[in-house]
Amino acid sequence: MKSNITKHTFSEREPLFPNPENLFCELTIHEYLNVMQKAKETVVAFLEENNKPFSGITPETLRKQFENIDLNDAPKNYADVFEEVRTLYTQHAVAFHHPKYVAHLNCPVVIPAVAAEMLISSINSSLDTWDQSTGGTLMEQKLIEWTCNEIGYGKNSDGIFTSGGSQSNLMGMLLARDHYSIKHFNHHIKKNGLPENAHRFRIFASEAAHFSIQKSASILGLGEQAVVKVKTDHSFKMNSILLEDAIQKEIENGNIPIAVVATAGTTDFGNIDPLTNISTIAKKYKMWFHVDAAYGCALLLTEKYRHLINGIEDADSVTVDYHKSFFQPVSSSGFLVKDRNYFTLITHYADYLNPKDHNENEIPNQVNKSIQTTRRFDALKLWFTLRIIGKKGLGSYIERIIKTAREAAFLLENDPHFEILNRSDISALVFRYSADPFRTFDLNGINTYIRAQLYRQGNALVAGTKLNGQFYLKFTILNPLTTIEDIQTILNTIKHYGNEYIDIN
Ligand SMILES: *Cc1c(COP(=O)(O)O)cnc(C)c1O
């Protein structure tokens, strides 16, 4: 009887409208396979056709091609759209996988993570609550546990995947602010807003720390003024004596030191602040200790260099950026805390989503630990990566990168045409072409010219940065396939453009 009714209702159903042609569902499996194949072919063309890191196109030229595009045009077919995307995007996309791309902190990605991306966006779980993610939540928790364990955290630790190091740093500063306020003033910022003395809160970070620390302070209502920049030593690491001086000076001025941020792997130099010393000072002044290991988390993967980040396990919170240092596609990052109770500082309960009566252990709702609600299942990429390549395999990539960076530093140090600023703990080198050391030139002019020419030509990409008003070039080596010969070729090209500038001027 019952099955009859079902049958009847089904036959009475209106024909499907709109046509499910483009919807991801079991009716369109053929279309799915077909289109994914085309997408893969586009990626392969990107690999095969772009034999240098960048085409060199200018924004002006590329923008012209957008002028006659009307997004309300009649829909096109896949072949046309893939072709359009090829001319507007993939043809000119910067190739992070290219061995002569040594500019910003962009790693080449590993294939298992790319495979995971396809599952992530097709199945499209949202990791905010158990009832939208199920096994995804448990996989994320397992990876967080793994990361905490690698950091050296104990059983009470916990964490969450985030959209990037900036969000992780924001969460660190948020917890630092709210924790301090409750502990020292019995004032709950989550409920009552900033306390009257909030403008006196101070966060200490080195002058080489990432700008997201200042941004966080401003977002959190403390103002950028809250960030006290501590001077670095000759190797661009925070000087812990100057840190303590700075803390005392702020206290004398009536200000309130709430947190110290140590950078494990600075963006410009790849150098690591003295974590243990800083931790001791943080404890002494009852401050929150946050370690920004967006870059330096790479060292968690290698036995050989792990000691460089010893002390990270003392941090109240840690930023790791898998999309900086674990060969993961954007986005994939983590925020870890020593004590999971800290997360209650940001938990909000919504009856429709994560009601308060959901016991944490019975029904895990990751939204309780996140400042995002709907959240990608980025963790799956790291899962695939660890299962297919493993920690040791990734570690061997990192060791190769560090070795290449050290050899590159050696080349720069031993060439009188170059001036190198740092010895990196990881793989970032800041240097400039200094031309003939016995003659004076406009070095800012030369090096700015070199960078611009490299970008215009596209055969090799390097970054640029400024220190004390001087312009420098920067290598960030994150590709295990980059050889010392590649570096030598880039250095020769730099010399070539340097000399060209001198000839013109
Ligand atoms: C890149 C970086 C960040 C920011 O990370 P995103 O993933 O770009 O948001 C933070 N800290 C350091 C040291 C970084 O290098």
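In this predicted model, Phe326 has a relative accessibility of 1% and therefore counts as buried, the cut-off for that class being under 20%. Phe326 pairs with Trp146 in an edge-to-face arrangement, with the ring centres 6.3 Å apart and an angle of 90 degrees between the planes. The two partners come from distant parts of the chain: Trp146 belongs to helix α7 (residues 135–151), whereas Phe326 lies in the loop between α13 and β8 (333–337), 180 residues away. Both residues also take part in one aromatic cluster, formed by Trp146, Phe161, Tyr322 and Phe326.

A further edge-to-face pair is made by Phe418 and Tyr433, at 5.6 Å centre to centre and 65 degrees between the planes. Here strand β9 (residues 418–420) contributes Phe418 and strand β10 (residues 428–433) contributes Tyr433, the two being 15 residues apart. Phe418 and Tyr433 are both buried. The count of aromatic pairs comes to 18.

The ligand is surrounded by 14 residues, of which Ser166, Asp292, Asp321, His323 and Lys324 are the closest. Polar side-chain atoms approach ligand oxygen atoms at 2.7 Å in the case of Ser166, at 2.8 Å for His323 and at 3.1 Å for Lys324. Of the 380 Å² of accessible area that the ligand has on its own, 86% is covered by the protein. The surrounding shell consists of 9 polar, 3 charged and 2 nonpolar residues. Helices α8 (165–185) and α13 (322–325) each provide at least two of the shell residues, and α8 gives the most, with 3.

Technical notes. Residues are numbered from 1 along each chain as its sequence is written. This is a predicted model: local features need pLDDT of at least 70, side-chain atom pairs count only at pLDDT 80 or more; totals for chains, interfaces and linings use all residues. Side-chain values use heavy atoms; hydrogens and water are left out. A residue is near a molecule or strand if one of its heavy atoms lies within 4 Å of it. A polar contact is a pair of N or O atoms within 3.5 Å; within protein, one must be able to donate a hydrogen and the other to accept it, and residues adjacent in sequence count only if both atoms are side-chain atoms. Accessible areas come from the Shrake-Rupley method with a 1.4 Å probe; for residues, only the protein chains shown count as cover. Helices (H or I, at least four residues) and strands (E, at least two) are DSSP runs, numbered from the N terminus. Ala, Val, Leu, Ile, Met, Phe, Trp, Tyr, Cys and Pro count as nonpolar, Asp, Glu, Lys and Arg as charged, and the others, Gly among them, as polar. Rings of Phe, Tyr and Trp (its six-membered ring) pair if their centres lie within 6.5 Å; planes under 30 degrees apart count as stacked, over 60 as edge-to-face and the rest as tilted. Buried means under 20% relative accessible area, exposed over 50%, partly exposed in between (1.4 Å probe, protein chains only).
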